[in-house]
Amino acid sequence: MFTAARVRLLVVTCAALFMAMLDNLVLGVALPSIQKSFGATITDLQWFMNAYTLAFSVLLIPFSVLGERFGRKKMFLAGVVLFTLGSALSGWSDTSIQLILSRALQGVGGAAIVPLSLTLVHSAFPEKMRAAALGIWSGISGLGLSIGPLVGGLIVEGAPWQLIFWINVPIGALALLFGALWLKEEKGVRKPIDPFGILLLAAGLFGIVFGLEKGNSEGWGSALVVGSLAGGMLLLIAFYLWERKRETPFVRFALFRSVKYSAYIFTGFWMNAGIFGAIFLLTLFLQQGQGYSALEAGVRTMAWTGCTMIAAPLAGFAVSKFGNRAVLLLGLLFQGAALVGFAVLIARFGVDFPFGYQAPFMMLAGAGMGLSFTPLTHGIMSSVPENDSGEASGISNATRELGGVFDIAIGGLIFESGSAIRTPADFGDHIIPALLSSAIMITLALISVVLFARFSAKKRSAQEAIPPKTAKQIG
């Protein structure tokens with residue numbers, strides 16, 4: 001049952017999680033105000049966003065593994081301290097370089113908070129209660145990501161942009177205080193530290209993420225982007241070869257021998273690749289295509305985020321009754337149908353139609369996200385031994401983050417291709433193929449789940465076809 005100690009753990013971990021996920025997208029609507037305040041260049045604006053994303057995605061796996069060695073509580077609280085400090089320094093910043101460095105520090109803290117909060121929740125609840133607990137965790141994670149533009153819009157409309165960062169400080173301080181009091185220290189497998197392996201992994205992920213982030217602005221054929229992507233891939237290959245030689249590898253690639261684990265990892269990548277670029281473009285569509293202000297657009301996206309927040313905890317209970325795959329398939333179908341529905345709606349009416357026409361698709365997409373997050377997280381964590389939960393958490397979050405970056409890059413490339421965007425109608429014409437490409441990525445996530453289900457069914461049938469040994473055979 002949800003004892004007082006477990007409820008307190010959920011409160012602390014989910015408060016810090018919400019804070020970290022919120023800052024992925026909250027800054028977007030404030031960029032014009034910051035540009036005016038600092039006299040920032042377009043490159044500066046890109047780095048205000050990318051500094052957080054790069055630090056966050058690159059360090060997810062290292063922090064999750066370090067938490068297993070040095071203590072999950074210790075590393076989680078260290079992440080809260082770094083994130084809160086980064087938020088305060090961001091609010092104090094009065095130059096572009098100060099804000100970029102402070103955002104990077106936020107990303108470092110977030111990289112510890114997200115995977116270790118998941119590991120702490122997973123280990124605190126017994127098997128029969130994990131799906132419900134992870135449903136709450138998933139709902140808070142999805143809500144933090146999705147509600148970012150609304151929070152940013154609310155602040156920018158009526159307060160200085162610095163408040164976007166200052167609101168994190170009291171949340172972080174309370175999470176630190178009560179985390180120190182309420183959380184119990186726990187450790188996983190104490191692996192030896194591998195500085196060279198960590199460097200190879202971090203540098204490889206940095207190259208991949210940096211190349212995807214810069215592809216549209218610098219050109220996909222540019223030396224910077226090609227070199228970054230190629231260098232990142234080579235470094236990750238070198239990391240794999242290095243780890244294979246180690247008696248106690250930093251990342252156990254043997255985890256991927258589990259078809260169940262691999263299927264959920266690939267599903268998570270393609271799901272995030274399908275939905276988060278679409279969220280980004282549809283938020284812009286409300287503003288640049290339909291003429292809503294940042295606040296008005298943020299309020300309307302509540303049709304999406306509200307359903308995510310409601311569906312994720314409910315999915316936890318549904319998983320307990322119907323299983324991971326059934327709930328995950330339903331959630332992915334909802335998301336894919338919503339994206340295709342958006343594209344058909346814009347193709348039929350252009351950009352001039354009431355919000356009531358698109359609200360059902362937003363609600364369907366939000367419910368689909370909520371229904372997908374929980375079984376995906378529960379499926380990954382339940383497919384590995386208990387001692388490997390921290391490592392699995394880091395890999396899961398890193399691959400999903402890469403999926404989101406991939407979709408924003410590819411969706412942006414498709415969106416910007418063709419003729420110039422001069423009018424709201426042009427915006428509508430360009431967003432249709434981008435939404436359909438996101439729907440294709442959701443389809444790839446569906447295929448991953450279906451193929452896993454068929455493989456599992458064949459494996460069970462083969463095992464059942466083997467006759468049991470008789471006593472004579474055994475003897």
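**Exercise 1. In this predicted model, find the partner with which Asp 23 forms a salt bridge, and work out where the two residues stand in the chain.**

Solution. Begin with the atoms: Asp 23 pairs with Arg 103, and their closest N and O atoms are 3.7 Å apart. A salt bridge requires a side-chain nitrogen of Lys or Arg within 4 Å of a carboxyl oxygen of Asp or Glu, and so this pair can be listed as one. Next, place the two residues: Asp 23 belongs to the loop between helix 1 and helix 2, whereas Arg 103 belongs to helix 5, which covers residues 96-124. With these positions 80 residues apart, the pair links distant parts of the chain. Finally, check the surroundings: Asp 23 counts as buried because its relative accessibility is 0%, and Arg 103 counts as buried because its relative accessibility is 0%.

**Exercise 2. Decide how many salt bridges there are by this rule, and describe the ones that involve Arg 72 and Arg 246.**

Solution. The count by this rule comes to six salt bridges. Turning to Arg 72, its side chain meets that of Glu 68 at a distance of 2.7 Å from N to O, and both of these residues are buried. Glu 68 and Arg 72 also belong, together with Glu 186, to a network of salt bridges.

For Arg 246, the partner is Asp 194, with the closest N and O atoms 3.4 Å apart. This pair links distant parts of the chain, 52 residues apart, since Arg 246 is in the loop between helix 11 and helix 12 while Asp 194 is in the loop between helix 9 and helix 10. Arg 246 is classed as partly exposed because its relative accessible area is 23%, whereas Asp 194 is classed as buried because its relative accessibility is 2%.

**Exercise 3. Identify which residues touch the most other members of the largest nonpolar core, and explain why this core lies between two domains.**

Solution. The largest nonpolar core holds 106 residues, of which Phe 76, Trp 304, Ile 431 and Leu 435 touch the most other members. Helix 12 supplies the largest share of this core, 13 residues. Because domain 1 (1-182) and domain 2 (252-457) both give residues to the core, it lies between them. To look at one of its members, take Ile 431: leaving aside residues up to four places away in sequence, Ile 431 touches Leu 281, Leu 282, Phe 285, Ile 346 and Phe 415. Another core, of 22 residues, lies apart from the largest one, and its members include Leu 45, Ala 51, Ile 147 and Leu 150.

**Exercise 4. Determine whether Met 271 is buried or exposed, and find what it touches.**

Solution. Met 271 lies in helix 12, and it is buried, because its relative accessible area is 0%. Not counting residues up to four places away in sequence, Met 271 touches Leu 332, Gln 335, Ser 372, Phe 373, Leu 376, Ile 442 and Ala 445. For Phe 373, which is 102 residues from Met 271 along the chain, the separation between the C-alpha atoms is 9.4 Å.

**Exercise 5. Name the helix that gives the most to the nonpolar surface patch, and examine Leu 181.**

Solution. The patch, of about 690 Å², is made by Phe 2, Val 7, Val 11, Ile 136, Leu 174, Leu 177, Leu 181 and Trp 182. Helix 1 (4-22) and helix 9 (168-182) each supply at least two of its residues, and helix 9 gives the most, with four. Leu 181 is located in helix 9, and it counts as exposed because its relative accessibility is 60%.

Key:
Residues are numbered from 1 along each chain as its sequence is written. This is a predicted model: local features need pLDDT of at least 70, side-chain atom pairs count only at pLDDT 80 or more; totals for chains, interfaces and linings use all residues. Side-chain values use heavy atoms; hydrogens and water are left out. Patches are made of residues with over 30% relative accessible area and no salt bridge: like charges are joined within 9 Å, nonpolar side chains (Val, Leu, Ile, Met, Phe, Trp, Tyr) within 5 Å. Accessible areas come from the Shrake-Rupley method with a 1.4 Å probe; for residues, only the protein chains shown count as cover. Buried means under 20% relative accessible area, exposed over 50%, partly exposed in between (1.4 Å probe, protein chains only). A nonpolar core is a set of buried Ala, Val, Leu, Ile, Met, Phe, Trp, Tyr and Cys residues joined through side-chain atoms within 4.5 Å. Domain bounds come from an automatic or database domain assignment. Contact means heavy atoms within 4.5 Å.
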